[in-house]
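Please open the model in your viewer and keep the sequence panel beside it, as the tour below moves from one selection to the next.

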Amino acid sequence: MVLQFFSDYLKHRLTAKSRHGTHSPFVYKLVDEVIYDFNSKTEYIGIEEQRKKLLNDDTVISVTDLGAGSHLNKNRTKKIKEIAKNALKTPRLAQLIYRLAKNSQPATLLELGTCLGITTAYLSRAAPEADIVTIEGCPETAKKAYNNFQDLELENIELQVGNFDELLPRVIEESTQLDFVYIDGNHRKDATLNYFKWCLPKVHENSLLIFDDIYWSKGMKEAWEEIKSHPDVTVTIDLFWIGLVYFKKGQVKEHFKIKF
(Lines give C-alpha, C1' and ligand atoms only; values in the text may rest on other atoms or scores of the structure.)
Protein backbone atom coordinates (compact mmCIF):
# COMPACT_ATOMS: atom_id res chain seq x y z
CA MET A 1 0.00 0.00 0.00
CA VAL A 2 2.84 2.40 0.84
CA LEU A 3 4.57 1.64 -2.47
CA GLN A 4 1.33 2.29 -4.36
CA PHE A 5 0.93 5.62 -2.53
CA PHE A 6 4.39 6.80 -3.59
CA SER A 7 3.76 5.57 -7.13
CA ASP A 8 0.56 7.64 -7.22
CA TYR A 9 2.46 10.64 -5.85
CA LEU A 10 5.13 10.38 -8.54
CA LYS A 11 2.51 10.03 -11.26
CA HIS A 12 0.68 13.08 -9.90
CA ARG A 13 3.86 15.18 -9.88
CA LEU A 14 4.55 14.24 -13.49
CA THR A 15 1.05 15.07 -14.76
CA ALA A 16 -0.04 17.98 -12.52
CA LYS A 17 0.22 21.57 -13.69
CA SER A 18 1.12 24.87 -12.08
CA ARG A 19 -1.00 28.01 -12.45
CA HIS A 20 0.57 28.68 -15.84
CA GLY A 21 -0.88 25.49 -17.27
CA THR A 22 -4.37 26.41 -16.09
CA HIS A 23 -6.75 27.99 -18.63
CA SER A 24 -9.73 28.49 -16.31
CA PRO A 25 -9.79 32.08 -14.99
CA PHE A 26 -11.41 30.92 -11.74
CA VAL A 27 -8.84 28.19 -11.10
CA TYR A 28 -5.89 30.34 -12.21
CA LYS A 29 -6.89 33.06 -9.72
CA LEU A 30 -7.41 30.50 -6.96
CA VAL A 31 -4.03 28.89 -7.56
CA ASP A 32 -2.18 32.18 -7.92
CA GLU A 33 -3.72 34.07 -4.99
CA VAL A 34 -4.68 31.32 -2.54
CA ILE A 35 -3.04 27.95 -3.14
CA TYR A 36 0.40 29.41 -3.93
CA ASP A 37 0.29 32.13 -1.27
CA PHE A 38 3.19 30.88 0.86
CA ASN A 39 3.72 34.14 2.75
CA SER A 40 3.83 33.81 6.53
CA LYS A 41 0.87 35.25 8.44
CA THR A 42 0.55 36.34 12.05
CA GLU A 43 -2.50 34.07 12.48
CA TYR A 44 -0.24 31.04 12.03
CA ILE A 45 2.07 31.81 14.95
CA GLY A 46 -0.06 30.89 17.97
CA ILE A 47 -1.40 27.73 16.34
CA GLU A 48 2.07 26.51 15.45
CA GLU A 49 3.23 27.17 19.02
CA GLN A 50 0.35 24.98 20.18
CA ARG A 51 1.46 22.30 17.72
CA LYS A 52 4.95 22.35 19.26
CA LYS A 53 3.45 21.71 22.70
CA LEU A 54 1.56 18.71 21.34
CA LEU A 55 4.71 17.34 19.69
CA ASN A 56 6.34 17.28 23.13
CA ASP A 57 3.35 15.96 25.08
CA ASP A 58 4.04 12.52 26.60
CA THR A 59 0.48 12.05 27.88
CA VAL A 60 -0.92 8.63 26.94
CA ILE A 61 -4.55 8.34 25.87
CA SER A 62 -6.83 5.52 24.70
CA VAL A 63 -7.71 6.04 21.05
CA THR A 64 -11.12 5.08 19.72
CA ASP A 65 -10.79 4.64 15.96
CA LEU A 66 -14.14 4.33 14.15
CA GLY A 67 -12.69 4.87 10.69
CA ALA A 68 -10.19 3.09 8.47
CA GLY A 69 -7.39 3.51 10.97
CA SER A 70 -3.82 4.56 10.41
CA HIS A 71 -1.10 3.27 8.12
CA LEU A 72 1.48 4.17 10.77
CA ASN A 73 0.38 3.18 14.26
CA LYS A 74 -2.33 0.65 15.06
CA ASN A 75 -1.89 0.71 18.84
CA ARG A 76 -5.00 1.56 20.83
CA THR A 77 -3.05 3.58 23.39
CA LYS A 78 -0.91 6.38 22.00
CA LYS A 79 1.06 9.33 23.25
CA ILE A 80 -0.24 12.74 22.29
CA LYS A 81 3.09 13.52 20.66
CA GLU A 82 2.76 10.43 18.43
CA ILE A 83 -0.70 11.50 17.31
CA ALA A 84 0.59 15.03 16.70
CA LYS A 85 3.47 13.69 14.63
CA ASN A 86 1.52 11.15 12.55
CA ALA A 87 -2.06 12.40 12.34
CA LEU A 88 -1.98 16.20 12.29
CA LYS A 89 -1.91 17.97 8.96
CA THR A 90 1.49 19.51 8.23
CA PRO A 91 1.76 23.29 8.67
CA ARG A 92 1.94 23.67 4.88
CA LEU A 93 -1.34 21.80 4.35
CA ALA A 94 -3.18 23.18 7.38
CA GLN A 95 -2.25 26.70 6.30
CA LEU A 96 -3.55 25.99 2.81
CA ILE A 97 -6.89 24.99 4.34
CA TYR A 98 -6.79 28.25 6.32
CA ARG A 99 -6.34 30.23 3.09
CA LEU A 100 -9.10 28.33 1.30
CA ALA A 101 -11.50 29.03 4.17
CA LYS A 102 -10.51 32.70 4.34
CA ASN A 103 -10.97 33.04 0.60
CA SER A 104 -14.42 31.40 0.73
CA GLN A 105 -15.69 33.74 3.48
CA PRO A 106 -18.11 31.09 4.77
CA ALA A 107 -20.80 31.73 7.36
CA THR A 108 -20.82 28.03 8.28
CA LEU A 109 -17.96 25.53 8.41
CA LEU A 110 -18.24 21.81 9.01
CA GLU A 111 -15.24 19.59 9.77
CA LEU A 112 -15.39 15.83 9.97
CA GLY A 113 -12.40 14.56 11.95
CA THR A 114 -11.19 17.03 14.58
CA CYS A 115 -8.14 15.05 15.75
CA LEU A 116 -6.23 17.34 18.15
CA GLY A 117 -7.87 20.44 16.72
CA ILE A 118 -4.99 22.14 14.93
CA THR A 119 -6.73 22.35 11.55
CA THR A 120 -9.92 23.36 13.35
CA ALA A 121 -7.98 26.21 14.92
CA TYR A 122 -6.84 27.33 11.48
CA LEU A 123 -10.47 27.31 10.30
CA SER A 124 -11.49 29.39 13.30
CA ARG A 125 -8.76 31.95 12.64
CA ALA A 126 -9.71 32.09 8.95
CA ALA A 127 -13.38 32.76 9.64
CA PRO A 128 -13.76 34.16 13.17
CA GLU A 129 -17.36 35.25 12.55
CA ALA A 130 -18.45 31.87 11.17
CA ASP A 131 -20.20 29.07 13.03
CA ILE A 132 -17.94 26.01 13.07
CA VAL A 133 -19.09 22.48 13.86
CA THR A 134 -16.37 19.85 14.13
CA ILE A 135 -17.00 16.15 14.78
CA GLU A 136 -14.52 13.75 16.41
CA GLY A 137 -15.03 10.04 16.99
CA CYS A 138 -12.52 9.59 19.83
CA PRO A 139 -13.58 11.07 23.19
CA GLU A 140 -10.07 11.39 24.63
CA THR A 141 -8.68 12.99 21.48
CA ALA A 142 -11.65 15.37 21.52
CA LYS A 143 -10.85 16.38 25.12
CA LYS A 144 -7.35 17.37 24.07
CA ALA A 145 -8.72 19.30 21.10
CA TYR A 146 -11.13 21.15 23.37
CA ASN A 147 -8.26 22.12 25.66
CA ASN A 148 -6.36 23.43 22.65
CA PHE A 149 -9.33 25.57 21.64
CA GLN A 150 -9.42 27.04 25.15
CA ASP A 151 -5.69 27.71 25.15
CA LEU A 152 -6.02 29.55 21.82
CA GLU A 153 -9.18 31.37 23.00
CA LEU A 154 -11.27 30.16 20.07
CA GLU A 155 -14.95 30.80 20.73
CA ASN A 156 -16.77 29.95 17.49
CA ILE A 157 -16.26 26.17 17.56
CA GLU A 158 -18.87 23.58 18.51
CA LEU A 159 -17.18 20.22 19.13
CA GLN A 160 -19.38 17.14 18.85
CA VAL A 161 -18.13 13.69 19.84
CA GLY A 162 -19.42 10.42 18.47
CA ASN A 163 -19.94 8.25 15.41
CA PHE A 164 -19.82 10.25 12.17
CA ASP A 165 -22.63 8.22 10.63
CA GLU A 166 -24.92 9.16 13.50
CA LEU A 167 -23.91 12.78 14.06
CA LEU A 168 -23.28 14.06 10.53
CA PRO A 169 -26.83 13.63 9.15
CA ARG A 170 -28.19 15.47 12.19
CA VAL A 171 -25.73 18.35 11.81
CA ILE A 172 -26.51 18.66 8.09
CA GLU A 173 -30.26 18.58 8.72
CA GLU A 174 -29.93 21.40 11.27
CA SER A 175 -27.87 23.53 8.85
CA THR A 176 -29.56 26.02 6.55
CA GLN A 177 -26.74 25.58 4.04
CA LEU A 178 -23.21 24.21 3.85
CA ASP A 179 -20.67 26.83 2.84
CA PHE A 180 -17.41 25.02 3.60
CA VAL A 181 -16.98 21.34 4.47
CA TYR A 182 -13.69 19.61 5.27
CA ILE A 183 -13.96 15.82 5.37
CA ASP A 184 -11.03 14.10 7.08
CA GLY A 185 -12.43 10.99 8.70
CA ASN A 186 -13.27 7.34 8.04
CA HIS A 187 -11.19 6.89 4.91
CA ARG A 188 -13.39 4.24 3.35
CA LYS A 189 -15.02 4.46 -0.07
CA ASP A 190 -18.63 3.88 0.99
CA ALA A 191 -18.38 6.21 4.00
CA THR A 192 -16.78 8.99 1.95
CA LEU A 193 -19.44 8.73 -0.75
CA ASN A 194 -22.16 8.77 1.91
CA TYR A 195 -20.76 11.98 3.43
CA PHE A 196 -20.67 13.56 -0.02
CA LYS A 197 -24.25 12.56 -0.85
CA TRP A 198 -25.55 13.70 2.54
CA CYS A 199 -24.02 17.14 1.99
CA LEU A 200 -25.47 17.65 -1.50
CA PRO A 201 -28.95 18.93 -0.51
CA LYS A 202 -27.37 21.82 1.43
CA VAL A 203 -24.57 22.90 -0.93
CA HIS A 204 -24.91 25.97 -3.17
CA GLU A 205 -23.03 27.73 -5.95
CA ASN A 206 -20.30 29.06 -3.65
CA SER A 207 -19.88 25.95 -1.50
CA LEU A 208 -16.51 24.24 -1.20
CA LEU A 209 -16.14 20.61 -0.15
CA ILE A 210 -12.62 19.40 0.67
CA PHE A 211 -11.83 15.69 0.79
CA ASP A 212 -8.66 14.61 2.57
CA ASP A 213 -6.36 11.75 1.55
CA ILE A 214 -7.93 11.12 -1.84
CA TYR A 215 -5.03 8.76 -2.72
CA TRP A 216 -5.00 7.01 0.67
CA SER A 217 -6.27 3.69 -0.71
CA LYS A 218 -7.82 2.10 -3.79
CA GLY A 219 -11.25 2.74 -2.28
CA MET A 220 -10.53 6.43 -1.67
CA LYS A 221 -9.30 6.84 -5.25
CA GLU A 222 -12.52 5.24 -6.50
CA ALA A 223 -14.60 7.50 -4.25
CA TRP A 224 -12.79 10.58 -5.61
CA GLU A 225 -13.53 9.52 -9.20
CA GLU A 226 -17.23 9.06 -8.39
CA ILE A 227 -17.38 12.47 -6.72
CA LYS A 228 -15.75 14.10 -9.76
CA SER A 229 -18.29 12.51 -12.09
CA HIS A 230 -21.37 13.63 -10.13
CA PRO A 231 -23.57 15.92 -12.28
CA ASP A 232 -23.78 18.62 -9.58
CA VAL A 233 -19.99 18.96 -9.47
CA THR A 234 -18.56 21.46 -11.95
CA VAL A 235 -14.92 21.99 -10.94
CA THR A 236 -12.51 19.77 -9.00
CA ILE A 237 -8.90 20.48 -8.08
CA ASP A 238 -6.70 17.51 -7.23
CA LEU A 239 -3.79 18.63 -5.03
CA PHE A 240 -2.91 14.98 -4.27
CA TRP A 241 -3.14 15.46 -0.48
CA ILE A 242 -6.63 16.91 -0.72
CA GLY A 243 -9.32 17.32 -3.36
CA LEU A 244 -11.40 20.48 -3.80
CA VAL A 245 -14.98 20.24 -5.07
CA TYR A 246 -16.95 23.21 -6.42
CA PHE A 247 -20.55 23.55 -7.63
CA LYS A 248 -20.41 26.79 -9.63
CA LYS A 249 -23.40 27.32 -11.92
CA GLY A 250 -22.72 27.99 -15.57
CA GLN A 251 -19.18 26.64 -15.28
CA VAL A 252 -17.96 24.10 -17.83
CA LYS A 253 -17.21 20.85 -16.03
CA GLU A 254 -13.44 20.59 -15.64
CA HIS A 255 -11.00 18.64 -13.49
CA PHE A 256 -7.56 19.97 -12.65
CA LYS A 257 -4.42 18.44 -11.18
CA ILE A 258 -2.28 21.10 -9.54
CA LYS A 259 1.22 20.73 -8.09
CA PHE A 260 1.38 21.55 -4.40
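Which residue in β5 is the bridge partner of E136? Select E136 and look across to β5, where the partner is V161; bear in mind throughout that this is a predicted model.

Now widen the selection to β4, residues 131-136, and to strand β5, residues 157-161, which run parallel and are joined by 5 bridges. To follow the connection between these two strands, add helix α7, residues 139-151, through which the chain crosses from β4 to β5 in a right-handed β-α-β crossover.

Stay with β4 and colour it by accessibility: 5 of its 6 residues are buried, so that the strand is mostly covered.

Next, select strand β3, residues 108-112, which runs parallel to β4 and is joined to it by 5 bridges. A convenient pair to display here is L110 together with V133, its bridge partner in β4. The path from β3 to β4 leads through helix α6, residues 118-126, and this β-α-β crossover, too, is right-handed.

With β3 still selected, apply the accessibility colouring again, and the strand proves to be mostly covered, with 4 of its 5 residues buried. As these side chains are inspected, recall that in a regular strand the side chains alternate between the two faces of the sheet.

Finally, add strand β6, residues 180-183, which pairs with β3 in the parallel sense over 4 bridges. To finish on a single contact between these strands, display L112 and its bridge partner in β6, I183.

Methods:
Residues numbered from 1 in each chain as written. Predicted model: local features only at pLDDT ≥ 70, side-chain atom pairs only at ≥ 80, totals over all residues. Heavy atoms only, no water. Buried < 20%, exposed > 50% of the residue type's maximum accessible area, 1.4 Å probe, protein only. Pairing = 2+ DSSP bridges. Right-handed = clockwise from strand over helix to strand, strands pointing away.
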